[in-house]
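Student: I should like to examine how the descriptive terms applied to a protein model are justified. May we take them one at a time?

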Amino acid sequence: MIYTITTNPSLDYTVETELIPGQINRTDSEAIYPGGKGINVSLSLQRFGQETRALGFAAGRIGQTIRDLLDDLGCPHTLLELAGSGQSRINVKIRGPVETAVNGRGPALGPGDLERLLELLRDVKREDTVVISGWAQNVTFYVSIFRQLAGTGCMTVLDCSGEALWQCLACRPFLVKPNLTELGALFGVEDLEYTEGVELAQQLQREGARNVLVSMGGSGAFLLTEGRELYFANACCGRTVNTVGAGDSLVAGFLTGFMQSGDFGRALQMGVAAGCATAFSDWLGSGELTMELMEQIRVEKSVL
């Protein structure tokens with residue numbers, strides 16, 4: 001089982017319009033999806049035939065709508081209800097000449113909520129995988145989760161940035177997945193290039209990360225393994241229509257490829273194909289398109 005954790009899910013309202021500031025703008029098209037990085041990972045895993053369950057929190061009527069949409073999509077989930085009068089967040093994604101997003105903040109979490117989430121994770125077994133994704137509203141949440149999971153021996157994946165990533169490295173996650181910009185920001189480096197990115201990925205390993213997967217948008221992705229193997233994969237050629245969820249699909253594709261083959265190169269190839277499939281689709285890419293795109297991806301391997 002692959003569990004995903006999204007502490008702050010969203011209702012994503014996606015519109016197409018040529019946004020003109022200061023004026024009333026009307027949409028050319030619109031759609032509503034369940035959102036949040038971990039939820040995107042679960043939905044992508046489901047498309048690849050993996051057994052998954054999305055865990056997290058939801059609040060109010062918006063939270064219930066997120067649950068209903070996941071039910072409609074057949075995605076198993078346990079989203080704990082948050083007490084109080086708050087509502088789960090709504091994110092507005094605007095597609096036009098330039099892609100723009102306005103992400104809601106979402107309800108606050110308390111110490112009691114952490115305990116309820118940790119209780120859900122008591123059933124995790126050694127053969128399971130747990131993916132923690134997204135902005136950490138409370139860094140101690142993520143650290144506490146990793147500390148509990150350490151006792152299970154399960155595979156852990158972390159896709160976040162900033163202080164939460166730093167604090168969780170000591171728990172030795174199996175995989176961390178920053179993008180190139182996030183990796184540079186961790187070390188105060190702007191306009192990071194591939195070679196420098198590899199050097200900083202090595203620094204993340206020295207801090208505790210076992211394997212580091214770095215997405216580079218249209219330039220592909222690279223993976224630095226704990227065995228000091230460096231893999232690079234190019235991105236596919238195609239028209240990008242959507243970047244929301246591309247990194248989450250990359251994680252789902254990587255995990256699927258690794259579980260099917262045990263081979264890091266194959267995992268990276270499938271991960272990049274899955275990310276590209278989402279970038280070329282209106283929403284999350286399909287399993288069929290991912291398999292088609294894999295033929296375009298070449299993986300290079302070297303040893304450091």
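The discussion below concerns salt bridges, burial, strand pairing and surface charge.

Tutor: Please keep in mind throughout that this is a predicted model.

Student: What makes the contact between Lys37 and Asp248 a salt bridge?

Tutor: The criterion is a side-chain nitrogen of Lys or Arg within 4 Å of a carboxyl oxygen of Asp or Glu. For Lys37 and Asp248 the N to O distance is 2.7 Å. The pair therefore satisfies the definition of a salt bridge.

Student: Why is this pair said to tie together separate parts of the sequence?

Tutor: Lys37 belongs to helix α1 (residues 37-47), whereas Asp248 belongs to helix α8 (residues 246-261). The parts that the pair ties together are therefore 211 residues apart in sequence. Lys37 and Asp248 also belong to a network of salt bridges that includes Asp159.

Student: Why is Asp248 called buried, and what is Lys37 called?

Tutor: Buried means under 20% relative accessible area. Asp248 has 3%, so the term buried applies. Lys37, at 30%, counts as partly exposed.

Student: How many salt bridges does the whole structure contain?

Tutor: The search finds 7. One of them joins the side chains of Arg122 and Glu119, with an N to O distance of 2.7 Å. Arg122 has a relative accessibility of 48%, and Glu119 has a relative accessible area of 47%. Exposed requires over 50%, so Arg122 is classed as partly exposed. Glu119 is likewise partly exposed.

Student: How do you know that Glu229 and Lys301 form a salt bridge?

Tutor: Their closest N and O atoms are 3.3 Å apart. The limit is 4 Å, so the pair qualifies. Glu229 lies in strand β13 (residues 229-233) and Lys301 in strand β14 (residues 299-303), so this salt bridge ties together parts 72 residues apart in sequence.

Student: Is Lys301 buried or exposed?

Tutor: Lys301 has a relative accessible area of 52%. The threshold for exposed is over 50%, so Lys301 is exposed. Its partner Glu229, at 21%, is partly exposed.

Student: Let us turn to the strands. Why is strand β4 described as largely enclosed?

Tutor: In strand β4 (residues 52-58), 6 of the 7 residues are buried, so the rest of the structure largely encloses this strand.

Student: How do you know that β4 pairs with strand β1?

Tutor: Pairing requires at least two bridges. Strand β1 (residues 2-6) and β4 are joined by 5 bridges and run parallel, so the condition is met. Within this pairing, Tyr3 has Arg53 as its bridge partner in β4. β4 also pairs with strand β5 (residues 77-81), in the parallel sense and over 5 bridges; there, Phe57 has Leu80 as its bridge partner in β5.

Student: What makes β5 and β14 edge strands?

Tutor: The open sheet has 10 strands in the order β5-β4-β1-β8-β9-β10-β11-β12-β13-β14, with mixed pairing. β5 and β14 each pair on one side only, and they are the edge strands.

Student: How do you know that strand β10 counts as paired with strand β11?

Tutor: Strand β10 (residues 175-176) is joined to strand β11 (residues 211-215) by 2 bridges. At least two are required, so the pairing qualifies. The two strands run parallel, and Leu175 has Asn211 as its bridge partner in β11.

Student: Which strands form hairpins with β12?

Tutor: β11 and β12 form a hairpin with 5 residues between them, and Gly217 in the turn has a positive phi of about 60°. These strands pair in the antiparallel sense over 4 bridges, with Leu213 opposite Leu223 in β12. The hairpin of β12 and β13 has 4 residues between the strands, and Arg228 takes a positive phi near 65°. Here too the sense is antiparallel, over 4 bridges, and Phe222 has Phe232 as its bridge partner in β13.

Student: Which way do the residues of β12 point?

Tutor: Ala221 and Leu223 point one way, Phe222 and Leu224 the other way, and all are buried.

Student: Finally, what makes Glu199 eligible for a surface patch of negative charge?

Tutor: A patch residue needs over 30% relative accessible area and no salt bridge. Glu199, in helix α7 (residues 194-207), has 47% and is partly exposed, so the area condition is met. Glu199 gathers with Glu190, Asp191, Glu193 and Glu196 in the patch.

Definitions and conventions:
Residues are numbered from 1 along each chain as its sequence is written. This is a predicted model: local features need pLDDT of at least 70, side-chain atom pairs count only at pLDDT 80 or more; totals for chains, interfaces and linings use all residues. Side-chain values use heavy atoms; hydrogens and water are left out. Patches are made of residues with over 30% relative accessible area and no salt bridge: like charges are joined within 9 Å, nonpolar side chains (Val, Leu, Ile, Met, Phe, Trp, Tyr) within 5 Å. Accessible areas come from the Shrake-Rupley method with a 1.4 Å probe; for residues, only the protein chains shown count as cover. Lys and Arg count as positive and Asp and Glu as negative; His and the chain ends are not counted. The place of a charge is taken as NZ of Lys, CZ of Arg, CG of Asp or CD of Glu. Buried means under 20% relative accessible area, exposed over 50%, partly exposed in between (1.4 Å probe, protein chains only).
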